[in-house]
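User: Could you take a close look at the packing in one part of this model, the inner core and whatever empty space goes with it? I'd like one connected walk-through rather than a list.

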Amino acid sequence: MTAALAPAAALDLADWQARRRAHEQRVDAWLAPHLARRRTGVKHPVEDFLFTYYSHRPAQLRRWHPGAGVVLRGADQVEFGRDYRATAAGLTLDTDRVRARRAESVDWIRTLLGATAGRPAHLGCFGMHEWAMVYRQTQDEVRHNAWPLRLSPAATAAVVEERGVRCSHFDAYRFFTAPARPLNLLTPTRESQHALEQPGCLHANMDLYKWAYKLSPLVPSELVAECFALAREIRTLDMRASPYDLADLGYPPVRVETPEGRAEYAAAQRGFAERAGTLRARLLAALD
């Protein structure tokens, strides 16, 4: 384990409190509709996904951390918690303490991010992973059965069989229906994740949010929020390109069963890959 770097920046009370307020206000705009739906028992297949699939709770996303190597002048250690230590200059994250407790997790994430960043992006999946999750199921059996499929089950299956499935992401693959799994070009496992993850994959780029919050408080909360914002946009494309008909929710379909829809999907996927590459690099820089 490398020694923690000396604090590289100091923030006056007014400055870090302003950063914290800005972060909280940004996150509140995402949280308020979700919490309102949760109180009334209403489910949203797009907007609620990041709060239900991932383990980071709303209050944790809202909580602000400056990241490693930052001194907060005038900060109260009780307010920030046991992972912070007081110095003559102010309060700062005890990086050695956090790394000692979470060294294995941090190293695993660092290896995954670095391996992914070093590979070319593959953009030819056309979102078939979502189709494989409903392959050969009836309307009642599909995961989001409150929303209709755009095509009949038979027509949906025909699209999967015609296009094939090229999914490299284990956490998407594990939700495939049993008859869909043999149709996939690969057989991803948790053990092969470091070897297979690639930077064009929507789910790998959505998962930057997961790796960012698992690295908190070592990385600044603004970076976690940036990863959340990207994941939210990716989820929108993911469901617009899925077999579900979500037009009534304001999500016009990306018809990946057509050449035009596949071109639209690949263009959006390329843009997300570029943005994710920047965030992946920022996470790696924060760790290094």
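Analyst: **Around Tyr 265**

Leaving aside residues up to four places away in sequence, Tyr 265 touches Cys 125, Phe 126, Gly 127, His 129, Leu 202, Leu 237, Ala 241, Val 254 and Val 256, a contact being heavy atoms within 4.5 Å. Keep in mind that this is a predicted model, where local features need pLDDT of at least 70 and side-chain atom pairs pLDDT 80 or more, while totals for chains, interfaces and linings use all residues. Numbering runs from 1 along each chain as its sequence is written, and side-chain values use heavy atoms, with hydrogens and water left out.

Tyr 265 sits in good company: along with Leu 72, Tyr 209 and Leu 283, it has the most contacts inside the largest nonpolar core, a set of 71 residues. Such a core joins buried Ala, Val, Leu, Ile, Met, Phe, Trp, Tyr and Cys residues through side-chain atoms within 4.5 Å, buried being under 20% relative accessible area with a 1.4 Å probe, protein chains only. Helix H12 gives this core its largest share, ten residues; helices here are DSSP runs of H or I, at least four residues, and strands are E runs of at least two, numbered from the N terminus. A second, separate core has eight residues, including Val 134, Met 239, Tyr 244 and Tyr 251.

Now the empty space. Three cavities reach 30 Å³ or more, a cavity being a set of points on a 1 Å grid over the protein atoms alone where a 1.4 Å probe fits but cannot get out, lined by residues with an atom within 4 Å of a point. The largest holds about 110 Å³, the volume being the space filled by probe spheres set on grid points joined across faces, edges and corners. Cys 125 and His 129, both touched by Tyr 265, are among the lining residues closest to its centre, with Arg 166, Cys 167 and Cys 201. Helix H6 (128-132) and helix H10 (202-206) each give two or more residues to that lining.

H12 turns up again at the second largest cavity, about 50 Å³, where three lining residues make H12 the top contributor. That lining consists of Val 46, Glu 47, Leu 50, Phe 51, Phe 228, Arg 232 and Arg 235.

Zooming out, 50% of the 288 residues count as buried, and the chain has 13 helices and four strands. Among contacts with a separation of 6 or more, 71% join residues 24 or more positions apart.

Technical notes. On a 1 Å grid over the protein atoms alone, a cavity is a set of points where a 1.4 Å probe fits but cannot get out, and a pocket is an open set with protein on both sides within 12 Å along at least five of seven lines; lining residues have an atom within 4 Å of a point.
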